[in-house]
Amino acid sequence: MILKERTKSVTHRILESLDHRTTLSLSEKTQYDNQFKGYAGELQFDNKMKEAGVPGILISDLLLSTRDTSYQIDSLLITDTCIYLYEIKNYTGSYHYKEGDISSDSGHLIHNPMNQAERKRAYLHNLLLINGYQINIIAYVVYINPDYYIYSLPKSPAILFAGQLTSHFESLSGQASIQDHKYLTLAKKLLVMHNNSYRPLNLPDYPLESLFKGIMCSECFSFGYTVSRQIRTCTICGHKEKSADAIHRSIEEFRLLFPEKLVTK
Ligand SMILES: [Zn+2]
């Protein structure tokens, strides 16, 4: 049962819009690429889970905030025996493991995703405890891309490579499914706690005057269009959309880019 479907993050949507309305700097472009790749990897994970028909309540990209921090959980599967927390990484290439560090061929260290997953598990554990729930949480790091390998990595049940996902999901399917939705109340509580208005601090600067104005095609992001009988047709890809829908979509985009500005005619 899917309680919350995945959507693109605020950063992803802002960078996507800016990429077509201005010229992103090299570092912004890299940030956008990472968002794009990350999201694609998460969708792949969702598809594999759907195909496997895993029982339980699924919440995707849950954003929780405490007094001193905000953290995003890529996937949370609530079953009647425990909660599975998945940190999904769409990395590619070969890396090396040594004494807790993961480094690339050129020697650059990457943050060990296991530490991120464990940190989130601890936050969630405490949050549930405050709300009166004592339920076991198991954290996994999922390397969704088959083209990713870590040499000398000690065997760890908390790490799932792409090739291991099917058998992992099968093992979950074998367990008792949620009969009475014992934890549905908990799942709904978590959803209420989801921070919808979260905006990360590392967003780029983009004055309104510097952006290309106009309504973008929702399919190919181009600006050219023709209108007949209130239907807007993209001159590049031919996508048709009701003019009113295109306007609503653009108002949402404006609100996303400039939440503090008033929308005027
Ligand atoms: Zn188009």
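# A walk from Ser104 to the zinc site

Let's begin at one residue: Ser104 is buried, because its relative accessibility is 14%, under the 20% that sets the limit for that word. Keep in mind as you look around that this is a predicted model. Where along the chain do we find Ser104? Ser104 lies in strand 6, which covers residues 101-104. Its contacts, once residues up to four places away in sequence are set aside, are Ser94, Tyr95 and His96.

Now step back and take in the whole protein. The chain has 265 residues, and 42% of them count as buried. Its C-alpha trace spans about 55 × 50 × 40 Å along the principal axes. If you trace the fold from one end to the other, you will pass 6 helices and 13 strands. How do the parts of the chain meet one another? Take the contacts between residues at least 6 apart in sequence: 62% of these join residues at least 24 apart.

Let's look at some of those strands. A good place to start is strand 3, residues 70-78, which is mostly covered, with 7 of its 9 residues buried. Which strands does strand 3 pair with? One partner is strand 2, residues 57-65, which runs antiparallel to strand 3 and is joined to it by 8 bridges. You can pick out one of these pairings by eye: Ile57 has Ile78 of strand 3 as its bridge partner. The chain passes from strand 2 to strand 3 by a hairpin of 4 residues.

The other partner to find is strand 4, residues 83-89. Strand 3 and strand 4 are antiparallel too, and 4 bridges hold the pairing. Here Leu76 stands opposite Leu85 of strand 4. Once again a hairpin makes the turn, with 4 residues joining strand 3 to strand 4. While you follow these strands, it helps to remember a general point: in a regular strand, side chains alternate between the two faces of the sheet.

Next, let's turn to the cysteines. How many disulfides are there? The count comes to 0 disulfides. Cys82 is buried, because its relative accessibility is 5%. Some other cysteines have a metal to look after. Which residues coordinate the zinc ion? They are Cys217, Cys220, Cys234 and Cys237, each through its SG atom, at 2.3 to 2.4 Å. Along the chain, these donors follow the spacing C-x2-C-x13-C-x2-C.

What is the geometry of the zinc site? The site is tetrahedral, with angles of 103 to 113° among the 4 donor atoms. For comparison, the ideal angle for four tetrahedral donors is 109.5 degrees. Two of the zinc-binding cysteines make a nice contrast in how much surface they show. Cys234 counts as buried because its relative accessibility is 4%, whereas Cys237 counts as partly exposed because its value is 40%.

Two more residues help you find your way around. Is His111 buried or exposed? His111 is exposed, because its relative accessible area is 65%. You will find His111 in the loop between strand 7 (109-110) and helix 3 (113-130). From His111, look across to Gly224: these residues are 113 places apart along the chain, and 43 Å separates their C-alpha atoms.

The second residue is Ser210, in the loop between helix 5 (184-193) and strand 11 (225-228). Ser210 counts as partly exposed, because its relative accessibility is 39%. Leaving out residues up to four places away in sequence, Ser210 touches Arg21 and Thr22. Thr92, on the other hand, lies 35 Å from Ser210, C-alpha to C-alpha, with their positions 118 residues apart in sequence.

Finally, let's see what the record adds. An unreviewed UniProt entry places a feature called "domain: NERD" at residues 37-147. In the model, this span is 31% helix and 40% strand, and its end C-alpha atoms lie 13 Å apart. The UniProt entry, again unreviewed, also places a "transmembrane region" at residues 123-143. In the model, residues 123-143 are 38% helix and 33% strand, and the C-alpha atoms at the two ends are 22 Å apart.

Technical notes. Residues numbered from 1 in each chain as written. Predicted model: local features only at pLDDT ≥ 70, side-chain atom pairs only at ≥ 80, totals over all residues. Heavy atoms only, no water. UniProt positions renumbered as here; feature names shortened; annotations may be inferred. Buried < 20%, exposed > 50% of the residue type's maximum accessible area, 1.4 Å probe, protein only. Contact = heavy atoms within 4.5 Å. Disulfide = S-S within 2.5 Å. Donors = N, O, S within 2.8 Å, 3.2 Å for Na, K, Ca; no water. Tetrahedral: all angles 85-135°; square planar, octahedral: opposite > 155°, others 65-115°. Pairing = 2+ DSSP bridges.
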